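Here are my notes from going through this one, in numbered points. Have the viewer open while you read.

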Amino acid sequence: MVLGCLLCSFIQAGPLYLAQVKRADVNNKVLQKALAQVKERKDIEVLDNLAVMPFHKRGVLQVTEKLAFCMNCHLPLPHRKNKRNRTFLNMHSLYIACETCHFRPKGIALDYRWLAYSGADAGQVLSPRSSSIRDPSHAVGKNRIVADSVVNDKNGMPKRERKNKIEKRQLLAPLPGARIAPFYDGVPVLLFKEDDFALTTKQVWVDGSEQARAELKAKLHLPLEKAGPACKNCHRKDQPMFDLHRLGATPQRLKAMQNNTIVRFFTRFKKDESRIRLNKLLR
Amino acid sequence: MAGSLHRSVEEGEAVKAGYCLKRLQLIEIFLMTAIYVGFSQIVNSAERHPDPDGCFSCHALEGLDYIDKHGVLRSASIDKKHYYSSLHGSVPCKDCHRKIRNYPHAVENVEVNCAESCHVEEPSEGEPYSHKYVVKEYESSVHGEGWSKGLTGGNRLKEANQAADPSCRYCHSNELYIGEAELPKFKASFDHLDSECGSCHQGEVWLGQFGGHILRRFIGSRWDKNDHNRMCNKCHADHQRMAEVELENAETREKEKAGPRFILASDSYATTLHGRLLETEVMQGASCIDCHAPTGFRHGVLRDENSKASTHADNLAETCAQSGCHGYATHPLNHRFVKTDIHDIDMIPAVNDIAPRDPSRLESSWIKALIALLPIVVVLGIGSLLWHFRGNKKRGVTYAVFGGDAFQEKMIGRKPKAKIKKHTSQNSVVEKQAADNEAHEN
């Protein structure tokens, strides 16, 4: 009821996801499952900077100015359970919005574009970079500050590194922290953590009973899919989930993504818990 | 005749042409060889990427992070450029992570044993390189119960919470040959590196790793004495952590909580000349390991009670005399020199929250000196008080209550007290007589 009233006030010309949440019809089975999950839920404190530091040099966790609505409850690195793909999925979450994978409403064609999560344009659509050679400072990985003994030229580019090598190494994002996000009718389908609906929802969660929380959880998750698309849905030539070329991928980059070794290796896994010998990675 | 002459000329020309051809062939072969050798040299000295198992196919990707079940932020990403320029840049991943065969990697297969040998050859002996001798020394040291094997990214929290002694990785990480702080100095010293060495030795990796390895020798050793002290202080300056340490009693063989002297060891060292010299970047001071592990692989810190310890009473003179420091310490007449207490907790203000009134403070030389000097201080104090209140203050001059005439007369050139008194009394008699005479006349 509370959520219903809440939705009515926000739904006017809002994102598609909100409309889907409003239409969500939560049945008892879903509600009971949500209730059980709410009861089991434990807040996790992220531990970093332990007294025993990592042996290998590690980057700094990327933090964008705008955070996804999901981050109200989920950790910044949300994929934790599946040992096989959790790191790879978290890596993708650096340049793909949560909703791109988990919000795929049936019968509705979504458009995928770059959305800024940081900087002056935060929350705005970004044009893909047209130049094939990009300024390395705009690579997403730039947030990982790495001190090295490499001699750089006056533009800050490592000397002697070939242009195509730079291009291959770089990610597509036109700005640091930008993500590929779903759009509907030219409007992003998603919400940010600081949006009014997100803030009000958070308050409902904080003040609400377990039952109210379960209702909220069920309603918010009903339009979403727990499992994202398989790797092959994007990493393939024929009818990929979105047009990478339109998002700024050069032919060379596109080829590298379509023929990805790791994706081919992952297709060999038939069960989640199975382990495969690493030499098959090379086949 | 003419015909034979003509033939011989033709033959001569043919022979000459043959020689020319052969010479050309030789030049060609020489040039080909030179080009081959030249190119092969460039190729041989170009980038060396020790990733025979293809680990970087995945691990070079950035952002391979996750939060584990304990909430610890974990990262599977390895910065490739950093790795190749690091101390372990020549070591293939599987030399340390030996048992990895499958994906996802089983935790037990990722474990690292620092005493294992790797496929890098130790240049002087040509044997597989290993830290096993260092580990052996470390294991026999006071820190020897720390972890040197079974190290994984996942058990850092367990080690931080449970292990009392530092592990290998607690002090050492996979650093660059040239640290970030020293990079500007290095670049300034070797700004010609790229143009001079880079003609043949191409690529960032060479510059970072091999160039760094060789050339950093010119800018000094990788760790200076302050770096050593910082490493020790990571634990030893932490009073709370040190207060939890249990030490074996040499007599009873039972474990006991460490006392204030141990807990405050870092503080007491900081008050010594050694500590203060190093603090002001004067490298003549001795660092912690200069005294506690001066020889071997510098990991063999032992308890003072251990007869092999460099800080054992019998070995202190040798330790102090090492490296041309206090050479006179070994002389029998100077045997008291080594009795100097470098970790005297009385040097630490008693306001310190650790044991401000600990009985061990009473054993300090400072206290003994105070006891010896106290009676003198008391006598002088009383004398000063008497002087102040009872001394003759006439004419703004203060005289001692007892004695001091000779000093007044000879050193200061003032009339001694007795003469002044006499003079004063004579004057008073004369004045009195004059007054009487005057009264009588009236």
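Is A:Arg277 buried, partly exposed or exposed? Keep that in mind for point 2.

1. First, a reminder of what we're looking at: this is a predicted model. Everything below is computed from it, so read it in that light.

2. Back to the opening question. A:Arg277 has a relative accessibility of 44%, so it goes down as partly exposed. You'll find A:Arg277 in strand S5 of chain A, which covers residues 276-277. A:Arg277 is also one of the members of a positive surface patch. The others are A:Lys232, A:Arg236, A:Arg264, A:Arg268, A:Lys270, A:Lys280 and, from the other chain, B:Arg101. If you're colouring the surface by charge, that's a patch with residues from both A and B.

3. Chain A in outline: ten helices and five strands. Of its 283 residues, 40% are buried. Take the contacts in chain A between residues at least 6 apart in sequence, and 75% of them join residues at least 24 apart. Chain A exposes about 16,100 Å², with 53% of that coming from carbon and sulfur atoms.

4. Chain B in outline: 21 helices and seven strands. It runs to 442 residues, and 32% of them are buried. For contacts between residues at least 6 apart in sequence, the share joining residues at least 24 apart is 46% in chain B. The exposed area of chain B is about 28,600 Å², and carbon and sulfur atoms supply 58% of it.

5. Now have a look at A:Leu77. A:Leu77 sits in the loop between helix H3 (28-40) and helix H4 (86-92) of chain A. Despite the loop address, A:Leu77 counts as buried, because its relative accessibility is 3%. What does A:Leu77 touch, leaving out residues up to four places away in sequence? From chain A there are A:Leu61 and A:Asn90, and from chain B there are B:Asp65, B:Tyr66, B:Ile67 and B:Leu73. If you want a distance to check, the C-alpha atoms of A:Leu77 and A:Phe88 are 11 Å apart, with the two residues eleven places apart along the chain.

6. On to salt bridges, of which the structure holds 15 over all chains. As background, side chains of opposite charge can pair when their charged atoms come close. In chain A, A:Asp111 pairs with A:Arg113, and their closest N and O atoms are 2.8 Å apart. A:Asp111 counts as partly exposed because its relative accessibility is 22%. A:Arg113 is also partly exposed, at 26%.

7. Over in chain B, B:Asp341 and B:Arg261 form a salt bridge with an N to O distance of 2.8 Å. This pair links distant parts of the chain, 80 residues apart. B:Asp341 is in the loop between helix H18 (316-321) and helix H19 (365-390), while B:Arg261 belongs to helix H14 (residues 260-263). B:Asp341 is partly exposed at 35% relative accessibility, and B:Arg261 is partly exposed too, at 41%.

8. One more pair in chain B: B:Glu305 and B:Arg303 meet at 3.4 Å, N to O. B:Glu305 has 46% relative accessibility and counts as partly exposed. B:Arg303 is partly exposed as well, with a relative accessible area of 28%. As for networks, salt bridges with shared partners tie A:Asp111, A:Arg113 and A:Arg246 together into one.

9. Next, B:Thr319, which is in helix H18 of chain B. B:Thr319 has a relative accessible area of 9%, so it counts as buried. Setting aside neighbours within four places in sequence, B:Thr319 contacts B:Asp290, B:Cys291, B:Pro294 and B:Ser310.

10. Last, a nonpolar patch on the surface of chain B. Its residues are B:Leu370, B:Leu373, B:Leu374, B:Ile376, B:Val377, B:Val378, B:Leu380, B:Ile382 and B:Leu386, with about 830 Å² of accessible area together. Where is B:Leu370 placed? B:Leu370 lies in helix H19 of chain B. B:Leu370 counts as exposed because its relative accessibility is 51%, and the cut-off for that class is over 50%.

How values were computed. Residues are numbered from 1 along each chain as its sequence is written. Chains are lettered from A and ligands numbered from 1 in the order in which they are written. This is a predicted model: local features need pLDDT of at least 70, side-chain atom pairs count only at pLDDT 80 or more; totals for chains, interfaces and linings use all residues. Side-chain values use heavy atoms; hydrogens and water are left out. Patches are made of residues with over 30% relative accessible area and no salt bridge: like charges are joined within 9 Å, nonpolar side chains (Val, Leu, Ile, Met, Phe, Trp, Tyr) within 5 Å. Accessible areas come from the Shrake-Rupley method with a 1.4 Å probe; for residues, only the protein chains shown count as cover. A salt bridge is a side-chain nitrogen of Lys or Arg within 4 Å of a carboxyl oxygen of Asp or Glu. Lys and Arg count as positive and Asp and Glu as negative; His and the chain ends are not counted. The place of a charge is taken as NZ of Lys, CZ of Arg, CG of Asp or CD of Glu. Helices (H or I, at least four residues) and strands (E, at least two) are DSSP runs, numbered from the N terminus. Buried means under 20% relative accessible area, exposed over 50%, partly exposed in between (1.4 Å probe, protein chains only). Contact means heavy atoms within 4.5 Å.
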